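Welcome! Please take a moment to look over the sequence and the 3D structure shown here before reading on.

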Amino acid sequence: MGNWFTRFCRNAGLMVHNIIDPGEEPRKRVVSKTVEEKKVDETVTLRRTTIDEVIVRKQQP
């Protein structure tokens, strides 16, 4: 049937799961983001992106 059917089934299952047990998304905050770029030649550019995040989850009872 193909890859699209597998993705469809997974997404449908996740949708039903999230309706039944929505849970809370963890709070995420970006602390810093740096981008380094280096041009190697006319057609190639190397780019490194570093993102520092803080994720706060609620404690389970």
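Here is a short briefing on this structure, grouped by topic.

This is a predicted model. The protein chain contains one helix and two strands, and they come in the order α-β-β along the sequence. Its radius of gyration is 20 Å, well over the 10 Å that the globule rule gives for 61 residues, so the protein chain is more spread out than a compact globule.

**Overall shape and surface**

- Along its principal axes, the C-alpha trace of the protein chain covers about 50 × 40 × 10 Å.
- How much of the protein chain counts as buried? The figure is 0% of the 61 residues, where buried means under 20% relative accessible area.
- About 6400 Å² of the protein chain is exposed, and carbon and sulfur atoms supply 54% of that area.
- Take the contacts between residues at least 6 apart in sequence: 29% of them join residues at least 24 apart.

**The helix and its nonpolar patch**

- Helix α1 runs over residues 3-20, and Val16 has its place there.
- Which residues make the nonpolar surface patch? They are Met15, Val16, Ile19 and Ile20, and the patch comes to about 450 Å².
- Val16 itself counts as partly exposed because its relative accessibility is 44%, a value between the 20% and 50% cut-offs.

**The aromatic pair**

- A pair of aromatic rings is described by the distance of the centres and the angle of the planes.
- The structure has one such aromatic pair. Trp4 and Phe5 form it in an edge-to-face arrangement, with 5.7 Å centre to centre and 80 degrees between the planes.
- Is Trp4 buried or exposed? Trp4 counts as exposed because its relative accessibility is 53%.
- Phe5, its partner in the pair, has a relative accessible area of 32%, so Phe5 is partly exposed.

**The salt bridge between the strands**

- Side chains of opposite charge can pair when their charged atoms come close.
- How many salt bridges does the structure hold? There is one, and the side chains that meet in it belong to Glu37 and Arg47, at 2.8 Å from N to O.
- This pair links distant parts of the chain: Glu37 sits in strand β1 (residues 27-39) and Arg47 in strand β2 (residues 45-56), ten residues apart.
- Both Glu37 and Arg47 are exposed.

**Thr50 and what it touches**

- Thr50 is another residue to find in strand β2.
- With a relative accessibility of 33%, Thr50 counts as partly exposed.
- Which residues does Thr50 contact, leaving aside its neighbours within four places in sequence? The contacts are with Ser32, Lys33 and Thr34.
- Thr50 and Val35 are 15 residues apart along the chain, while 6.5 Å separates their C-alpha atoms.

**The loop after the helix**

- Where is Glu24? Look in the loop between α1 and β1.
- Glu24 counts as exposed because its relative accessibility is 60%.
- From Glu24 to Leu46 there are 22 residues in sequence and 37 Å in space, C-alpha to C-alpha.

How values were computed: Residues numbered from 1 in each chain as written. Predicted model: local features only at pLDDT ≥ 70, side-chain atom pairs only at ≥ 80, totals over all residues. Heavy atoms only, no water. Patch = residues over 30% accessible without salt bridge, like charges linked within 9 Å, V, L, I, M, F, W, Y side chains within 5 Å. Areas by Shrake-Rupley, 256 points an atom, 1.4 Å probe, with all protein chains shown as cover. Salt bridge = Lys/Arg side-chain N within 4 Å of Asp/Glu carboxyl O. Helix = DSSP H or I, 4+ residues; strand = E, 2+ residues; numbered from the N terminus. Buried < 20%, exposed > 50% of the residue type's maximum accessible area, 1.4 Å probe, protein only. Rg over C-alpha atoms; globule rule 2.2 N^0.38 Å. Contact = heavy atoms within 4.5 Å. Phe/Tyr/Trp six-rings, centres within 6.5 Å; stacked < 30°, edge-to-face > 60°.
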